[in-house]
Amino acid sequence: MAKNLLIVESPAKAKTIEKYLGSDFEVKSSYGHIRDLEKDDMGIDVNNHYSPRYIIPEDKQKVVKELKQIAKKSDEVWLATDEDREGEAISWHLCEVLGLDPAKTKRIVFHEITKPAIQSAVRNPRTVDMHLVNAQQARRILDRIVGFEISPVLWRKMSMKNSLSAGRVQSVAVRLIAEREREINAFNAASSFKLEAIFSGKDINDKNVSFKAEGSRQKNAEDAEAFLQSCVGANYTVSDIQVKPAKKSSPAPFTTSTLQQEASRKLGYGVSKTMVLAQKLYESGNITYMRTDSVSLSDTALNDIYGNISKQYGDKYLQPRKYKNKNESAQEAHEAIRPTYIDNVTVDDADTKRLYELIWKRTIASQMSDAEFEKTTAKISISTNNQELTAQGEVLKFDGFLKVYMEDKDDDEIAEEDTEGMLPQLRVGQALSLNEMKAIERFTRPAPRYTEASLVKKLEELGIGRPSTYAPTISTILKRGYVEKRDKEGTLRDYRVLVFKHDKIDQKTEQEITGAERSKLFPTDLGLVITDFLVEYFSDIMDYGFTARIEEEFDEIAEGKKQWEKTIDGFYKPFKKDVEHTLENAERIKGERELGIDQHSGKKIVARMGRYGPMVQIGDAGDEDKPRFAKLKSTQSIETISLDEAMELFKLPRTLGQFENEGVTVNIGRFGPFVAHNKQFYSLGKEYDPYSITLEEAIPIVEEKRKAKEERTLKVFPKEKIQILRGPYGPYIKQGLRNYKLAKEHQERAADLSIEEAKQIIEELKANPPKKITRKKKRS
């Protein structure tokens with residue numbers, strides 16, 4: 001038995017560290033947090049200084065038992081969980097559970113899992129930092145209070161199939177997405193005309209080349225035509241040339257949020273995927289700690305980077321830099337995300353290879369020289385109207401850091417046709433030959449919808465959340481159904497083009513696709529309705545500034561400047577009053593929008609939230625005839641659906657025709673679109689539209705699914721509506737919509753079970769339901 005037990009929170013991390021420590025150390029994993037707040041009564045005693053009540057979850061009992069046994073046999077226990085607040089809290093919980101003194105137990109931290117870093121940490125242990133623990137505890141308690149207090153309010157004020165919930169940071173993130181969506185829906189595009197002239201000139205080799213020049217924007221088609229008309233018979237002369245040097249500096253090395261943003265732009269990764277891969281790289285010893293808001297690099301790392309740049313690219317490419325953190329709460333002791341060994345240009349692991357190479361390039365580029373350009377601006381005068389056109393060109397004189405890395409941009413940072421080409425050699429007074437001039441109609445654009453990465457960027461700008469919270473926040477709002485990530489098809493739009501050539505003007509209409517978006521965040525109708533309710537009744541919780549100030553208070557707790565109980569108390573008392581006021585006075589959430597009147601019945605038509613999601617309703621519950629309902633399509637919204645689009649939804653159910661002397665119909669139910677035939681129901685895949693599917697398309701679906709159902713049906717008791725079916729994990733019993741797993745002794749003779757045996761199994765499983773297996777989760 002080793003003398004020392006060293007505990008980390010990840011088995012992968014344990015495996016890597018074990019290689020660097022001798023036989024005196026046994027390295028074990030806690031598999032993340034080993035304790036959490038009780039579920040009952042919030043798990044917090046609000047009348048006793050907000051004292052938390054922690055329990056060891058059932059899925060962690062075995063891990064804790066093993067750690068206790070090894071700890072008893074070890075001379076000393078060391079704690080080596082991650083260096084952030086979450087990691088510090090895990091170390092404290094381990095002390096509490098294993099009976100260790102936090103003030104005496106050795107705690108080691110490191111920014112990278114390398115042999116020198118681990119050995120240095122062991123030589124310089126510290127104890128558990130209770131300020132960091134309290135900051136994490138304050139966040140956990142405050143978030144639990146918000147969730148437990150607001151969720152019952154939502155349950156009482158809105159009837160939904162799924163349990164509704166709210167979170168402190170998550171609800172604010174949904175509000176950002178909801179406000180952007182409404183901004184886009186309310187946006188009215190305005191058009192103007194962009195002037196674009198194509199000239200011919202000689203290059204340095206005396207060859208004819210074409211280049212572009214632009215004029216001032218024209219407000220409308222009439223102004224554009226008048227401008228072009230004024231150019232009839234004109235001569236075009238270069239009136240001025242300005243040549244100026246320009247520089248572009250390299251971006252800082254990665255923080256958590258900038259890595260998430262750039263991995264999204266360059267690699268198409270979601271925030272959660274980026275963090276899973278980054279954690280894998282960290283735990284295998286390839287990069288430094290991946291949850292950081294610092295852009296600092298250690299002196300050792302900088303010296304290695306300088307040597308690498310000089311060796312690979314030459315001294316002229318080296319420009320030592322020290323970056324300053326924009327975020328005042330960034331901990332300078334932490335480093336930016338960088339490779340642990342800068343000489344390793346890549347890694348062998350296929351999953352993490354692309355992300356590692358992105359980190360390597362960004363790190364190297366951060367210490368490389370500026371890129372140098374020569375920008376040329378030429379003014380071209382028009383003899384007939386005293387107007388000028390402007391031609392701009394850019395020549396890269398020295399690539400500098402661009403030799404290794406070019407930072408990408410978000411949609412909202414990309415200007416229309418943001419490119420500058422090269423210009424031929426021009427001189428003042430030179431006459432130019434006009435090939436053609438166009439006035440092209442262009443439209444203003446709304447701000448783009450958020451991607452996961454641009455949402456992280458916005459949250460960081462507002463001071464909401466910290467490196468460890470971005471990925472879980474986005475995962476939560478997607479999982480709860482308040483936001484969805486999807487593509488949006490564009491629509492064709494006409495635009496006008498006036499072409500001026502040989503002193504004549506021709507007008508034509510061309511088409512472009514507008515509004516197409518990929519992997520963007522859209523608020524669901526549920527998200528919009530809940531957001532409106534929370535903004536109305538819990539304005540503090542939903543206020544960006546208030547949420548950011550709470551984050552600052554957590555930082556002050558971490559620095560030992562504030563007591564965590566005071567932060568919770570200052571929040572809870574006014575918040576509790578808001579909860580009580582809302583329960584007593586708020587009306588039920590309707591999420592309703594009136595669309596018009598049904599021409600046939602004269603009844604009101606509304607789009608609203610129903611128990612199973614957004615729908616359209618004709619008539620009221622109090623009418624003599626029952627109201628009619630239709631579910632909205634996944635691409636439709638209560639806020640934007642038109643009356644005509646709503647009426648289209650009532651075309652279901654559709655009768656497609658006859659098959660095997662039985663009618664075939666299509667409809668949408670609780671679980672989505674389906675085909676019905678001979679009293680059997682067959683779900684439709686996403687590739688089929690229930691409003692347009694034909695009989696010829698429906699018949700193969702019926703035949704295929706019927707065959708599959710027959711193959712997995714072992715026995716049917718039609719009177720009791722009980723089936724014994726074959727599933728991927730073995731035979732099981734199905735009664736109505738509920739499934740009952742068969743024990744091994746019953747699986748072998750499943751097809752021979754009697755109705756009495758089947759009923760007995762169902763009753764036994766109802767009385768003693770099997771325990772759910774909870775998978776161990778990694779922190780992300």
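**Exercise 1: Aromatic pairs**

Task: In this predicted model, find how many aromatic pairs there are, and decide whether the pair of Tyr282 and Tyr289 is edge-to-face or stacked.

Solution:
- Step 1. Start with the total: the count comes to 13 aromatic pairs.
- Step 2. Turn to Tyr282 and Tyr289, whose ring centres are 5.2 Å apart, with 70 degrees between the planes.
- Step 3. Planes over 60 degrees apart count as edge-to-face, and that is the label for Tyr282 and Tyr289.
- Step 4. Check the surroundings of each ring. Tyr282 is buried, with a relative accessible area of 1%, and Tyr289 is buried too, at 2%.
- Step 5. For contrast, try Tyr313 and Tyr317. Their planes stand at 55 degrees and their centres lie 6.2 Å apart, so this pair is tilted. Tyr317 is buried, with a relative accessible area of 7%.

**Exercise 2: A ring cluster and two charges over rings**

Task: Work out which residues ring pairs link into a cluster, and which ring has the charged end of Lys266 over it.

Solution:
- Step 1. Look for Phe538, Phe546, Phe571 and Phe575: ring pairs link these residues into a cluster.
- Step 2. Now find Lys266. Its charged end sits over the ring of Tyr405, 5.1 Å from the ring centre.
- Step 3. Repeat this with Lys633, whose charged end sits over the ring of Tyr691 at 4.7 Å from the centre.

**Exercise 3: The nonpolar cores**

Task: Find how many residues the largest nonpolar core has, and which helix gives the most to this core.

Solution:
- Step 1. The largest nonpolar core has 162 residues. Leu6, Phe110, Ile145 and Leu355 are those with the most contacts inside it.
- Step 2. Go to helix 5, which spans residues 130–157. This helix gives the most to the core, with eleven residues.
- Step 3. A second, separate core has 26 residues, including Leu228, Cys231, Ile380 and Leu423.
- Step 4. A general tendency helps here: in soluble globular proteins, nonpolar side chains tend to be buried together.
- Step 5. Zoom in on Leu6. Leaving aside neighbours within four places in sequence, its contacts include Ile17, Leu21, Phe25, Trp78 and Ile108. Glu26 and Lys28 are also among the residues that Leu6 contacts.

**Exercise 4: A sheet of four strands**

Task: Trace the open sheet of four strands and say what order its strands have.

Solution:
- Step 1. The order is 19-20-21-22, and the pairing is antiparallel.
- Step 2. Find the edges: strand 19 (593–597) and strand 22 (628–631) each pair on one side only.
- Step 3. From one strand to the next, the twist averages 25 degrees.
- Step 4. Take strand 19 with strand 20 (residues 604–610): four bridges join them in the antiparallel sense. Here Glu594 stands opposite Val606 of strand 20.
- Step 5. These two strands form a hairpin with six residues between them, and Gly602 in the turn has a positive phi of about 75 degrees.
- Step 6. At the other end, strand 21 (residues 613–618) and strand 22 pair over four bridges. Val616 has Ala630 in strand 22 as its bridge partner.

**Exercise 5: Another hairpin**

Task: Find how many bridges join strand 12 to strand 13.

Solution:
- Step 1. Ten bridges join strand 12 (residues 371–382) to strand 13 (residues 388–398), and the two run antiparallel.
- Step 2. Among the partners, Lys375 is matched with Glu394 in strand 13.
- Step 3. The hairpin has five residues between its strands; in the turn, Asn386 has a positive phi of about 55 degrees.

**Exercise 6: Backbone exceptions**

Task: Which bond joins Leu652 and Pro653, and is Tyr31 buried or partly exposed?

Solution:
- Step 1. Begin with the background: most residues other than glycine have a negative phi, and most peptide bonds are trans.
- Step 2. Leu652 and Pro653 are joined by a cis peptide bond, with omega about 0 degrees. Pro653 lies in the loop between helix 17 (643–648) and strand 23 (654–659).
- Step 3. Tyr31 is not a glycine, yet it has a positive phi of about 55 degrees. Tyr31 is in the loop between strand 2 (25–29) and strand 3 (36–37).
- Step 4. With a relative accessible area of 32%, Tyr31 is partly exposed.
- Step 5. Lys721 also has a positive phi, near 55 degrees. Its place is the loop between strand 27 (713–717) and strand 28 (722–727), and Lys721 is exposed, with a relative accessible area of 66%.

Methods. Residues are numbered from 1 along each chain as its sequence is written. This is a predicted model: local features need pLDDT of at least 70, side-chain atom pairs count only at pLDDT 80 or more; totals for chains, interfaces and linings use all residues. Side-chain values use heavy atoms; hydrogens and water are left out. A nonpolar core is a set of buried Ala, Val, Leu, Ile, Met, Phe, Trp, Tyr and Cys residues joined through side-chain atoms within 4.5 Å. Buried means under 20% relative accessible area, exposed over 50%, partly exposed in between (1.4 Å probe, protein chains only). Contact means heavy atoms within 4.5 Å. Two strands pair if DSSP finds at least two bridges between them. Axes are lines fitted to C-alpha atoms, for helices over the stretch in contact, and angles run from 0 to 180 degrees between N-to-C directions. Rings of Phe, Tyr and Trp (its six-membered ring) pair if their centres lie within 6.5 Å; planes under 30 degrees apart count as stacked, over 60 as edge-to-face and the rest as tilted. A charge sits over a ring if NZ of Lys or CZ of Arg is within 6 Å of the ring centre and within 35 degrees of the ring normal.
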